[in-house]
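Me: I would like to go through the covalent cross-links and the charged contacts of a protein chain, one question at a time. Could you reason through each answer before you settle on a value or a name?

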Amino acid sequence: MCVSKLVPSVLSTDESSGHRGELAMAGRAGTTGEGGTRPPRRRIPGTTGRRLATCLGVPTVALLACALLVPPPAAAAPDRPGQVADGNSSLIMVLDASGSMAEDDGTGRTRMAAAQEALGTAVDALPEGYPTGLRLFGSDSSDCTDTRLAQPVEPVDREALKDALGEAGPTGNTPTARALREAAKDLPAVPHGAIGRQTILLISDGESNCGTTPPCEVAAELVGDGVELRIDTVGFQIGEEGRAELECIAEAGHGRYYDAPDGEALGRELERAALLSSDGYRFEGKEISGAGDRDGAPLLTPGQYLDTIGPGRTRWYAADLDDSSAADFSVTAVPHPGVPVDRRDGLELRLTDDSERGRGCGGVARTRFGQDEGAMILTRSVSRVPSPDGSQTCDPAGRYLLSVTRESADGSDTAHWPLELRFALEEPLPEGVRPAASQPRYGAAGPDAALPTDQPVDTEGGTGFNDATELSPGVYRDRLLPAQTRWYKVPLGWGQQLRYRVEFANEPTLEGRPQASHVRAVSYSPSRLPIAGGDFRTERVYRGEQLAMDMGTVPVTWTNRWESHDPARPVRSPGDYYIAVSLGPGAVSIAENAAIGVVLRVDVVGEELTGPEHNAPVAGAAGDEDGEGSTDGASDEGRAQDDSASDRDSAAGAGAGWTGPVLAALGGAVAAALLTTAVLMYRARRTAARNGTTRGDW
């Protein structure tokens, strides 16, 4: 009997789309369609939107001009970086080897033989080095204490794990509760101050028949608040009582129950559960504990922090702000993927001054799951952007308070969610610099924009903001598990726009399950501000049939911060713009394969400008003899070009904006002098780069 190998050799596509075969996915996890090794997450050479080198060693009189050439700095690094999940997450598989596993699975072989093959497939799919172990119970005797560690939790040793599986013989009873207790001891401890996700993956074909404490109670005792430990369960050809017990264990263990009526389904569900364990969000930040009320709020400085939050709870933080810098507060919540939630569950963020009334800065920001298929990553942000004339409530310097509230309905999973907070400051423009008018329109990057048509390159998206895979204009192929989000980033400079399309594969679907899930594609600014869809849709229903989602941004323009148009406000500074692509948890009941194929077509529209000022020249235009200054998207061969470059540029620059009195107040003769100095400095840098005297080559 053939066990699913994560993805089929070919996933069919709509021939009329003109991209037949680009969603073809071949081989097991970790291989490309040609049988080669899947490349690690990496920065891809040839990225456009190149950053200008930091200005060092320049005369004092030129420092202001230098500011026009360098994007705002990233938030200051925290004092003590947190451990990333790569080093703190682990998996222990717990296999029922009791006598019932010797029964025929309906294909002429035993359930144990089917489980051994399915677990072998899951082991092959795990990434190199991921700590993985195996515990058996009921394999050696009928004693209700019969459980043993067959392979310790250590960097995955595929051959050792398969050898241990091969030695398992169905023999005794089903001491599930004892096996769970021992499995929790097998997992390595997460270092203090770090956030890691540890998983117990329980596979059984029946209910426990040993012990006095129900396994469900043991699971609840083991996981506690659910931040570090999760228990997933897989029922293989299981009866009603056994299924109810495994569902209870998964719910109490802040995990998910997977049903496997046959060997093929068992292989599919084990791969999904194992890969979701190994591919969890990579956290970075300094440990912090938000207060339960405003009076005890800890003081934040620019940087990244880690905290947790329980259902219905509120966390408070404080920050001291000046009267001119923009402040962005981003919060990312990472619940266990796919656990039960209500569509109204989510986060609520408020930013207020520290007055007794707590006057708000821009209202309440909410993010909700919007579906009841299961939990997924949530990100929301609030900002304090000083107004042009200093007349708004939150313009003055002083202490400000950030509150983060978790909204949770009855019946939703109660595990505490890890939070990753990012606080970033953006300094104002140098005095006298007149910024360009805002650009709230999509122009050449609108819904009708042509996108690259190159052959897709295999890539693997990151697990979150911290390890997002950097992409240049081109076509890429990846895959998604149900309840998973893949993360990418594309560098944009002043005046540039991000434009992309995500195409989801036409998947073979499970028979007799006409269900629906959803897919999402969301963009974020360098400060992790969500970018509204505007002319694009960020979510669509997914039924296993091929579909495409388009998304784009307006041009990166400093004055977009004061726009009333939601998609324009976050697009106000150069840097890495993020793409988050998600597949709903409900797809577990749709797709026949463990993961589905995804193709991304990415472009950068418009030429990068040297700075945010009015009439800023194109980066590299002065003295760029080798043509390195061109940063406008993909190659001529790789894009279907319906418009000329001049048409694109003129369209991208269109749109009403902050002109007239506001910009005049920010202008002055100093801008012209600064601009002249900036161009001269840029020309010097380009000359140095050609002579091999600069750093930053990839």
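The questions below deal with disulfides, salt bridges and a charged surface patch in this predicted model.

Me: How many disulfides does a search of the whole structure find?
Reply: A disulfide is a covalent bond between the sulfur atoms of two cysteines. In this predicted model, one such pair is Cys144 and Cys210, with sulfur atoms 2.0 Å apart, and another is Cys361 and Cys394, at 1.9 Å. Cys216 is likewise joined to Cys248, with an S to S distance of 1.9 Å. The number found in the whole structure is three.

Me: What is the handedness of the disulfide of Cys144 and Cys210, left-handed or right-handed?
Reply: The sulfur atoms of Cys144 and Cys210 lie 2.0 Å apart. The pair links distant parts of the chain, since Cys144 sits in the loop between β2 and β3 and Cys210 in the loop between β4 and α5, 66 residues apart. The torsion about their S-S bond is about -65°, and the disulfide is therefore left-handed.

Me: Which relative accessibility does Cys210 have, and is Cys210 buried or exposed?
Reply: Its partner Cys144 has a relative accessible area of 33% and is partly exposed. Buried means under 20% relative accessible area, and Cys210 counts as buried because its relative accessibility is 7%.

Me: Which helices hold Cys216 and Cys248?
Reply: Cys216 and Cys248 form a disulfide with an S to S distance of 1.9 Å, and this link is left-handed, with -75° about the S-S bond. The two cysteines are 32 residues apart and link distant parts of the chain, Cys216 in helix α5 and Cys248 in helix α6.

Me: What is the relative accessible area of Cys394?
Reply: Cys394 is joined to Cys361 in a disulfide, and with -85° about the S-S bond this link is left-handed. Cys361 lies in the loop between β12 and β13 and Cys394 in the loop between β14 and β15. Cys361 counts as buried at 10% relative accessibility, and Cys394 is buried with a relative accessible area of 6%.

Me: How many residues apart in sequence are the parts that Asp205 and Arg111 tie together?
Reply: The closest N and O atoms of the salt bridge between Asp205 and Arg111 are 2.8 Å apart. Asp205 lies in the loop between β4 and α5 and Arg111 in helix α2, so the separation in sequence of the parts that they tie together is 94 residues.

Me: In which strand does Glu420 lie?
Reply: The side chains of Glu420 and Arg528 meet in a salt bridge of 2.9 Å, N to O, and both residues are buried. The pair links distant parts of the chain that are 108 residues apart, with Arg528 in the loop between β22 and β23 and Glu420 in strand β16.

Me: How many salt bridges does a search of the whole structure find?
Reply: Asp105 forms a salt bridge with Arg109, in which the closest N and O atoms are 3.5 Å apart. Asp279, Arg282, Glu460, Asp478 and Arg486 are linked in a network of salt bridges. The search of the whole structure gives a total of 38.

Me: What is the relative accessibility of Glu159, and does Glu159 count as buried or exposed?
Reply: Glu159 lies in helix α3 and helps to form a negative surface patch, together with Glu154, Asp157, Asp163 and Glu167. Exposed means over 50% relative accessible area, and Glu159 counts as exposed because its relative accessibility is 52%.

Note on methods. Residues numbered from 1 in each chain as written. Predicted model: local features only at pLDDT ≥ 70, side-chain atom pairs only at ≥ 80, totals over all residues. Heavy atoms only, no water. Patch = residues over 30% accessible without salt bridge, like charges linked within 9 Å, V, L, I, M, F, W, Y side chains within 5 Å. Areas by Shrake-Rupley, 256 points an atom, 1.4 Å probe, with all protein chains shown as cover. Salt bridge = Lys/Arg side-chain N within 4 Å of Asp/Glu carboxyl O. Lys, Arg positive; Asp, Glu negative; His and termini not counted. Charge placed at Lys NZ, Arg CZ, Asp CG, Glu CD. Helix = DSSP H or I, 4+ residues; strand = E, 2+ residues; numbered from the N terminus. Buried < 20%, exposed > 50% of the residue type's maximum accessible area, 1.4 Å probe, protein only. Disulfide = S-S within 2.5 Å.
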